[in-house]
Amino acid sequence: MAEAAAVVAESLAGYRARAARAVLEQVVLPGEELLLPEQEDGEGPGGAGERPLRLNAGARSRGRVVCGPGLRRCGDRLLVTKCGRLRHKEPGSGSGGGVYWVDSQQKRYVPVKGDHVIGIVTAKSGDIFKVDVGGSEPASLSYLAFEGATKRNRPNVQVGDLIYGQFVVANKDMEPEMVCIDSCGRACGMGVIGQDGLLFKVTLGLIRRLLAPDCEILQEVGKLYPLEIVFGMNGRIWVKAKTIQQTLILANILEACEHMTADQRKQIFSRLAES
Amino acid sequence: MAAERKTKLSKNLLRMKFMQRGLDSETKKQLEEEEKKIISEEHWYLDLPELKEKESFIIEEQSFSLCEDLLYGRMSFRGFNPEVEKLMLQMNAKNKAEEVEEETVELDVSDEEMARRYETLVGTIGKKFAKKRDRANYEEDENGDIKPIKTRKMFLKPQD
């Protein structure tokens, strides 16, 4: 009985294991296994098609493949853990086999080391601040983790302030810790975010779309009027403009961008530019 | 008599440095090996079969910053916050610079000018630290360049 089940499972897995290259930019579901390019010979469904020409023989010729968010390592294959589109990035400097990841959509943020986030200070206890970043636990921020902070010279942070910082420790076993300086001790724009402005929440996918290098939304927004925006990877955006009305308009645009097509967006911007 | 038979010395005593100077190399090696055996037997080890870790070519990363080139999170438009605009240029340029190789740094001051400056600088700074008597030596040259300090005048014995 157990043997039959094992055989069935194997055949199912073997049937569903598709080549990663063939599934790029398509929707993948959790539980699928993906084969890396070097493993496609003779393993693909049906094994049809020409054999890819191997310029360098030997299985060890592949570089390091990085499996990003939404994927996990499963033996020699990649196992999908989130549903979304599979993406791939070629290696720039030629080291390694590139990055694969799943472009999924979610609103709940999970702290990741190195991410820049906006947090709200909720408590001050002894030497650390407790900062709410939208995860399962509040992150801890030491008062020495600001630029130019010493034991005598404490930073001016109150409960309720907004902090832009990055994570140094963020895993599922420990409480996340964040700092407002980089590895050289410089602030690099991190720290307490100034007065006024408006903080609102959007989905994580929208943040990534807005922060992409060639984002049209931001270019158009930047032409409207002077403003300042801070994006946190935890789905929080802080905006500030000269008047309250402008700030609110900006917040509404950014929230609505999620579901608008490019044409609708252009219409709205042209209407705004007129008024 | 004690000279007739060798007194039995303990192993610990024999292991001491002053006792080993007289030994030859073979006995030394033997003693060392025995010591090592004793020490390594005391070490704990797991009695499991040796699992060979497969060299994996796949690295797991949970961060999106590796996957997509995201811009810096703070932005300012149309001069609302000049510091943030400066930061934007800096951070986004840093990202680009990591991909593209760095070009040669442009020199603000050419090498020749630098050498010329240093030449005069030595004299100027030297003058600052010279004593009052020696400062006179510095102003002698006609060209305007400051010459280095001359040799000090020693006492000359009168020749009768």
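This is a short conversation about reading an interface, its salt bridges and a pocket in a predicted model.

Biologist: Let's start with the two chains. How many residues of chain A are in contact with chain B?

Modeller: Happy to! In this predicted model, 47 residues of chain A are in contact with 28 residues of chain B.

Biologist: And how do I read the area of such an interface?

Modeller: The size of an interface is often given as the accessible area lost when the parts come together. Here, about 3,600 Å² is buried between chain A and chain B, and carbon and sulfur atoms give 61% of that area.

Biologist: What about charges and polar groups? How many salt bridges are there between chain A and chain B?

Modeller: There are three salt bridges between these chains. One you can find in the viewer joins the side chains of A:Glu228 and B:Arg74, with N to O at 3.3 Å. Between chain A and chain B there are also 15 residue pairs in polar contact, counting pairs with both residues at pLDDT 80 or more.

Biologist: Which elements of chain A supply residues to the side that touches chain B?

Modeller: Several supply at least two residues each, including β4 (65-67), β6 (77-80), β8 (99-103) and α3 (216-224). The element that gives the most is β16(A), with five residues. By residue type, the side of chain A that touches chain B divides into 27 nonpolar, five polar and 15 charged.

Biologist: Now the whole structure, please. How many salt bridges does a search over all chains find?

Modeller: That search finds 14. Within chain A, for instance, A:Arg18 forms a salt bridge with A:Glu32, and their closest N and O atoms are 2.9 Å apart.

Biologist: Why does that pair tie together separate parts of the chain?

Modeller: A:Arg18 sits in strand β1 (residues 18-19) of chain A, while A:Glu32 is in the loop between β2 (27-28) and β3 (33-35), so the salt bridge links parts that are 14 residues apart in sequence.

Biologist: Last topic: pockets. How does one look for them?

Modeller: Rolling a probe the size of a water molecule over the atoms shows where empty space is left. In this model, the second largest pocket has a volume of about 910 Å³. Of the 33 residues that line this pocket, the closest to its centre are A:Lys82, A:Val110, A:Pro111, A:Val112 and B:Gln62.

Biologist: Which element gives the most to that lining?

Modeller: That is α2(A), with three residues. In chain A, β5 (71-74) and α2 (204-210) each supply at least two. The lining of the second largest pocket is made up of 14 nonpolar, nine polar and 10 charged residues.

Methods. Residues are numbered from 1 along each chain as its sequence is written. Chains are lettered from A and ligands numbered from 1 in the order in which they are written. This is a predicted model: local features need pLDDT of at least 70, side-chain atom pairs count only at pLDDT 80 or more; totals for chains, interfaces and linings use all residues. Side-chain values use heavy atoms; hydrogens and water are left out. On a 1 Å grid over the protein atoms alone, a cavity is a set of points where a 1.4 Å probe fits but cannot get out, and a pocket is an open set with protein on both sides within 12 Å along at least five of seven lines; lining residues have an atom within 4 Å of a point. Grid points are joined across faces, edges and corners, and a volume is the space filled by probe spheres set on the points. Helices (H or I, at least four residues) and strands (E, at least two) are DSSP runs, numbered from the N terminus. Ala, Val, Leu, Ile, Met, Phe, Trp, Tyr, Cys and Pro count as nonpolar, Asp, Glu, Lys and Arg as charged, and the others, Gly among them, as polar. Contact means heavy atoms within 4.5 Å. Buried area is the accessible area (1.4 Å probe) that two parts lose on being put together, summed over both. A salt bridge is a side-chain nitrogen of Lys or Arg within 4 Å of a carboxyl oxygen of Asp or Glu. A polar contact is a pair of N or O atoms within 3.5 Å; within protein, one must be able to donate a hydrogen and the other to accept it, and residues adjacent in sequence count only if both atoms are side-chain atoms.
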